[in-house]
Amino acid sequence: MSPRPLRIERQTRASRIGLPAAIVIVAVAASLPLWGSSNLMKTGVTFLTLVALAQMWNLLAGYAGLLSVGQQAFVGIGAYGVWALAEKAGVHPFVAVPLAGLVAAAFALPTAGLTFRLRGGYFAVGTWVVAEVFRLLVINIGWLGGGSGASITSVGRIARDTREAAVYWLALGVAFGAVLLVYLILRSRGGLALAAIRDDETAAAGLGVNTVRSKLGVYLLSAFGCGATGAVIYLNLLRVQPEGAFSLNWSALMIFTVVIGGVGTIEGPILGALIFFGLQQLLSDYGSWYLVLVGTIAAVSAVFAKQGLWGVLNRRWALELFPVRRRVDLDSDTNLAAAEPNPDSTSPPDRSTGAPPAEGPPVATAPPHESTQKG
Amino acid sequence: MIHVDPAEAGTAAGVLNASPDPRGGVQTSPMAGSLLEVEGASTGYGSFQALFDVSLRVDEGETLAVIGANGAGKSTLLKTICGLLRTDDNTVRFDGRPIGSLPAHKRVGLGISLVPEGRLVFPSLTVYENLLVGGHSRRTGPWSVDKVRDLFPLLNRLMNKQAAHLSGGEQQALAIGRGLMANPRLLLLDEVSLGLAPIVVAELYRAIPRIVAEGTTLIIVEQDIGQAVAVADRIVCLLEGRVVLRGRPDEVTREQISAAYFGV
Amino acid sequence: MAWVNDVIQGILLGGLYALFAAGLSLIFGVMRLVNLAHGDLSLLAAYAALLIVGPLDINPFLSVFLVMILVAIFGYVLQRGFLNFALEDDPMPTILATFGLSIVIQNLLLEVFSANSMGLDAGAIETQALKITDQISIGWFPLITLVTSVVVLFALQLYLSRTRMGRAFRATSDNQEAAQLMGIDNRHLYGLAMAIALGIVAIAGVFLGIRTTFNPSVGPARLIFAYEAVIIGGLGSVWGTLVGGMLLGVAQTIGAHLDPGWGVLAGHLLFLAVLVLRPRGLFAKQVQA
């Protein structure tokens, strides 16, 4: 008797509630320009672009194991890209957003060529150097506005209400798109490949996974996302300057958000964005103190709470709003039949019970845990 | 002395059920202090348990051979003794003192030195520097660089060579010499013969009697039974994390050892 | 002839970069830790010097020793109290932890000292020069800086190669588990490595603070220079780091000569070129175990 095909289950209990709820939230958010104030919309853009950026960094670090401290390069390229396309090429500003993303992805190719030679911490600093190079190049190129920057004036031709609403919807689109993109990648074969690379690159390569292509693909996608988001951010701000557009603070934003929320999950960065954004608003009167606070929390989290806040919650209540794992469903009838002792089969099915365990950042198998004492 | 139930003599069960005779043996009775006592060690790696309630004792000046197949838990046992794996205080007692939770680097100061599996010499350091690092703990005793060179003359012309460029046998000699530089009371040798040609192994084992002559207590872990049993005062055999055989070489036959080793 | 002057200035500057690089390289060698807060920690030294020099009204040179000690102690505490817990096979926790630290330091300094540019005033010696020919003169201060750098690097090299602790550092760098078997306490060793590295970087930080103005945001640039010097010179060699620093310094001064805005960029381009053509660095001395 040959075994019947196993039924692969994707939904979790939490996601069955979560997904419809998320749809409602998104619908409400989309309607904001109809009833919200100008300020509220601007705040919304700030939050939504933060979510988008966080997911793009999460994609790189949490799923491909590439720790970049240089994504601000692509934020800046996206910003200047949208400016150049809108001001110099006469492209409609809102069409320019995805195009700016493509420009960023184009620059990401040679960047990868250089930085992929490095590993770990050296890769991180390498990406930082490249971002600096971009910043310095832009400062030194006259027609980009040099050190004092450039303004996006062509947007001014559009009526203010329309403009603000459009920018807001673009922000919503980028955020939604980022989450969707990450979700789709992970449900695909590419996602399995990424998880394998993240856990053990050598083993993955040995199994035939094209690690370079997978990593490059993720790197380009992340650059695209950062570029498009940068374009939206600066359509909101209307003035692009090298110091701001290529600022290290974009990386700080992305990294802290994801680390506090939880690396390697889809829900984590969203949670982190809520926290980061909340703290930013709360402490807005205190200058840069919020960065000191958030930085400290992130640094401590990175060492003592690697799964982030979402990881902690996940462990307690086994939530997973965006199911990306493939679980063998042992409850369905087809699977019960397949699970019966079978003289032809060799190994028993996986005895998974309940929700899958928390996904987490790549922590290589630790040496025998007593061998090094810390402190 | 091994005590075997006459009804089970010559059978695997007889071997597996054998227990140390409390009256016999060259060594002092368990009442007197042993140099090392391991009691109920059940250490492992993360969620993987490698030892199951392992107990043994070694008296000062003795040479104990711990044999067993791959994965039997021999290295885990040595790591537990030397401190790379830590347990409850009382699980490991050295000269009467509970040291189970003490980290490895502190146990070196007490006189326990491990020559690890795979040699683990410091590749970027020269042979001479490797030996000097061996003496980092600054314990006093008979061993010095000169005495190690005397023990392993092959190291003489290699003194300024980087350890990475040594052959397997040379690295093993260096590793043993480095372990001796800590002037240990208890020297642990983990799979000295691994990956080496028999002739090289034989030469390394020729150094053992000279080490014993200095009064050093030895625990030798080996997959290769021959050499280990030849130099040992007592043997312990592990199988899948448990002690399945204890005794002196003159009391245990090759068949009994094989049976215990393979668990048949 | 002006080119010769550039090269000389670059070499003198390179000594400072080499000190930054040596600290970074030591930490990475011993602990596999890439310290993203490296540059910001050197800034802490400069601001600490500022705090000492002001009330006591002494020459910044005299403060170097005290600042070095203070920063070294801070480094030991930082390592044993926090960073030791981040050390594991995966580099992510240390990268993220030191990145967080970098941002925290930058913004703390910003809040406490404001964004204004500060400088350490060492008096007349900053401008006095040793005249060699009509077109070439070497400033006394840059010369002192270079000599100090070489002396410090020499001392570091001696420490690593001749002393008991230096050997312990190298052994731990090779294999930290085997090092424990020698009786080496690696928690303490890591703390010591960080203390020494930061002490060295503190010297460089104060000297750089005398040489140019500084503000809370220049930390990352210093990290990048240190890192570039290490990559150009090659890992594992103290003297390679010196040459790497000098090459970087020369590239920067020549670049700045061509166009003031291109100085730093020229250095970056040199770094990228080495990365592409000789990824191991020019003087790499790694031993494959």
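**Group meeting: strand β13 of chain B, and where chain B meets chain C**

Okay, let's start with a pairing: strand β13 and strand β14 of chain B, the latter covering residues 242-247, run antiparallel and are joined by five bridges. Before I go on, keep in mind that this is a predicted model. If you want one spot to click on, take Leu239(B), which sits opposite Arg242(B) in β14(B). The two strands make a hairpin with two residues between them, and there Glu240(B) has a positive phi, near 50 degrees.

Now the other partner. Strand β7 of chain B, residues 63-68, is also joined to β13(B) by five bridges, but this pair runs parallel. Here you can look for Ala65(B), with Ile235(B) of β13(B) standing opposite.

So how many residues of β13(B) are buried? Six of six, across residues 234-239, which makes this a mostly covered strand. And that goes for both faces. On one side you have Arg234(B), Val236(B) and Leu238(B), and on the other Ile235(B), Cys237(B) and Leu239(B), every one of them buried. Yes, that list includes an arginine, Arg234(B).

Right, let's move over to the neighbour, chain C. Chain B and chain C each put 22 residues into the contact. Together they bury about 2200 Å², and 64% of that is on carbon and sulfur atoms. Which three residues of chain B supply more of its buried area than any other three? Those are His105(B), Phe122(B) and His136(B), with 32% of what chain B buries against chain C.

What about charges across this contact? The count is one salt bridge between the two chains. In that bridge, the side chain of Glu129(B) meets that of Arg170(C), 2.7 Å from N to O. For polar contacts, the count between chain B and chain C is three residue pairs, with both partners at pLDDT 80 or more.

And which elements does chain B use on this side? Two of them give two or more residues: α3(B), at 104-110, and α4(B), at 127-134. The largest share comes from α4(B), with four residues. Sorted by class, the side of chain B that touches chain C has 13 nonpolar, six polar and three charged residues.

To wrap up, there are two places to look at on screen. One is β13(B), with β7(B) running parallel to it and β14(B) antiparallel. The other is the contact with chain C, where you can pick out the salt bridge between Glu129(B) and Arg170(C). That's it from me.

Conventions:
Residues are numbered from 1 along each chain as its sequence is written. Chains are lettered from A and ligands numbered from 1 in the order in which they are written. This is a predicted model: local features need pLDDT of at least 70, side-chain atom pairs count only at pLDDT 80 or more; totals for chains, interfaces and linings use all residues. Side-chain values use heavy atoms; hydrogens and water are left out. Buried means under 20% relative accessible area, exposed over 50%, partly exposed in between (1.4 Å probe, protein chains only). Two strands pair if DSSP finds at least two bridges between them. Contact means heavy atoms within 4.5 Å. Buried area is the accessible area (1.4 Å probe) that two parts lose on being put together, summed over both. A salt bridge is a side-chain nitrogen of Lys or Arg within 4 Å of a carboxyl oxygen of Asp or Glu. A polar contact is a pair of N or O atoms within 3.5 Å; within protein, one must be able to donate a hydrogen and the other to accept it, and residues adjacent in sequence count only if both atoms are side-chain atoms. Ala, Val, Leu, Ile, Met, Phe, Trp, Tyr, Cys and Pro count as nonpolar, Asp, Glu, Lys and Arg as charged, and the others, Gly among them, as polar.
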